[in-house]
Amino acid sequence: MKSQKILCAFITALLCVTAVSCDDTSEESTENSVSSVSETESETETQTESDTQPEETQPEEESEPDTQADNTGNVSAYGTTADISQYIKTTEIKPPLWKVTDPETQNELYIMGTIHVLPSGFDGLPDYIADIYENSDGVAVEYDVTQLTSDIRALIAYQQMFMYDDGTTIQDHISDETYQKAKEYFESIGAYTPELDQFSAGYWNNQLENLMILRLENLSTDGIDSQAIAMAQKDGKEVVSIETLETQTNALSGMSDELVDYVMNEMLDDMDDIDDYAEELAELYDLWAVGDVDPMLSEELDEIDELPDELKDDYENYMDVMLFNRNQGMAEKASEFLKDGKNYLFMVGSAHYAGDKGVDDILSDMGYTVEKIQ
């Protein structure tokens, strides 16, 4: 279903914790199991020590996945793959960038749209953005994901945010049909354990989305924000989180049970159409690369017509949680930086600037002067 692939790609473009939960599509990444998350602290420590990503743990004695000799239609541990480089059209990078000025203090803040996944071999940002970074005191990103891999308490807290605390399991929240489909798929790749049932439907859905990412060749989840964090840490600059981890995880769990059941069921029926997903994600990358953010949202919202009528309100509520409410919080944080004279390079996912409720529009409504850098 095309709408599911757009939604899946859209979420990847919006949330840094979604992207970081996947590894690069390399031989090393295919050794990681996506969904088997250990519940004990000792198992989690083992997970961290083995350089496993927050939502992943390594299955015992997993063998290397079988692959075919050609570069397209390869077979990974998670299914057939697609080469995203075949769909990317843009070579010259001009990402979305605005200068925001406080008319009272003349304090300035550069706000940039990022993308959380990149094609392998990405050559870096243009010199004019590098200059802005060099003249900054640091970077402000959605969330500093290095906190998850460096702090065991943060990692445990992150996992617990996705667990039901009312005595229910995922089977109480989605249909038996969808549960069985998802369980069978996870079992087929060696990623299911009974403990997984304690995790939320939003978490299961996120894992399926992660699997789509892992099946894309020539794609790295070392996105613009991740690269900026690494650079700032190396240069001794500040790294500031704009959002809390709870805000990001709430967005991942923002679908109603009925909506997530529908989305998961459609995705599981359509898992083999990885080429369509690669094409959708490549289109988002191309839009980012030319600085054209509005189509990111307009195409996503157009897909609401494909939903059953009884789920349309649920989807609109989900967009508030996933996007519009977060836009308001991001704009308020940018305003705080401007008032305090903080000279950060402000970096959030490009879709947060799309439409007339974007971060740039909210800042303009607050009275700031917002100029898009062409």
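The following dialogue considers a helix pair and a sheet in a predicted model.

Trainee: At what angle do helix α7 and helix α11 pack?

Mentor: An angle that is neither under 35 degrees, nor over 145, nor from 65 to 115 counts as oblique. Here α7 (residues 176-188) and α11 (residues 257-269) pack at about 45 degrees, and their axes lie 9 Å apart. That angle makes α7 oblique to α11. The crossing of the two helices is left-handed.

Trainee: Which residues of α7 meet which residues of α11?

Mentor: From α7 come E177, T178, K181, A182 and Y185; from α11 they meet D261, M264, N265, L268 and D269. The residues of this contact between α7 and α11 comprise 4 nonpolar, 2 polar and 4 charged.

Trainee: In what order do the strands of the open sheet stand?

Mentor: Two strands count as paired if at least two bridges join them. In this model, 6 strands follow the order β10-β7-β11-β5-β4-β12, with mixed pairing.

Trainee: Why is one side of β10 and of β12 left without a neighbour in the sheet?

Mentor: β10 (238-241) and β12 (369-372) are at the edges and have a single partner strand each, so one side of each lacks a neighbour in the sheet. From one strand to the next, the twist averages 25 degrees.

Trainee: In which sense do β7 and β10 pair, parallel or antiparallel?

Mentor: Strand β7 (residues 138-141) pairs with β10 in the parallel sense, over 4 bridges. Within this pairing, A140 has V240 in β10 as its bridge partner.

Trainee: Which strands does helix α14 lie across?

Mentor: Helix α14 (residues 309-340) lies across β4 (97-101), β5 (108-114), β7, β10 and β11 (344-349). With respect to β11, α14 runs at about 175 degrees.

Key: Residues are numbered from 1 along each chain as its sequence is written. This is a predicted model: local features need pLDDT of at least 70, side-chain atom pairs count only at pLDDT 80 or more; totals for chains, interfaces and linings use all residues. Side-chain values use heavy atoms; hydrogens and water are left out. Axes are lines fitted to C-alpha atoms, for helices over the stretch in contact, and angles run from 0 to 180 degrees between N-to-C directions. A crossing is left-handed if the near helix is turned anticlockwise from the far one by less than a right angle, and right-handed if clockwise. Contact means heavy atoms within 4.5 Å. Ala, Val, Leu, Ile, Met, Phe, Trp, Tyr, Cys and Pro count as nonpolar, Asp, Glu, Lys and Arg as charged, and the others, Gly among them, as polar.
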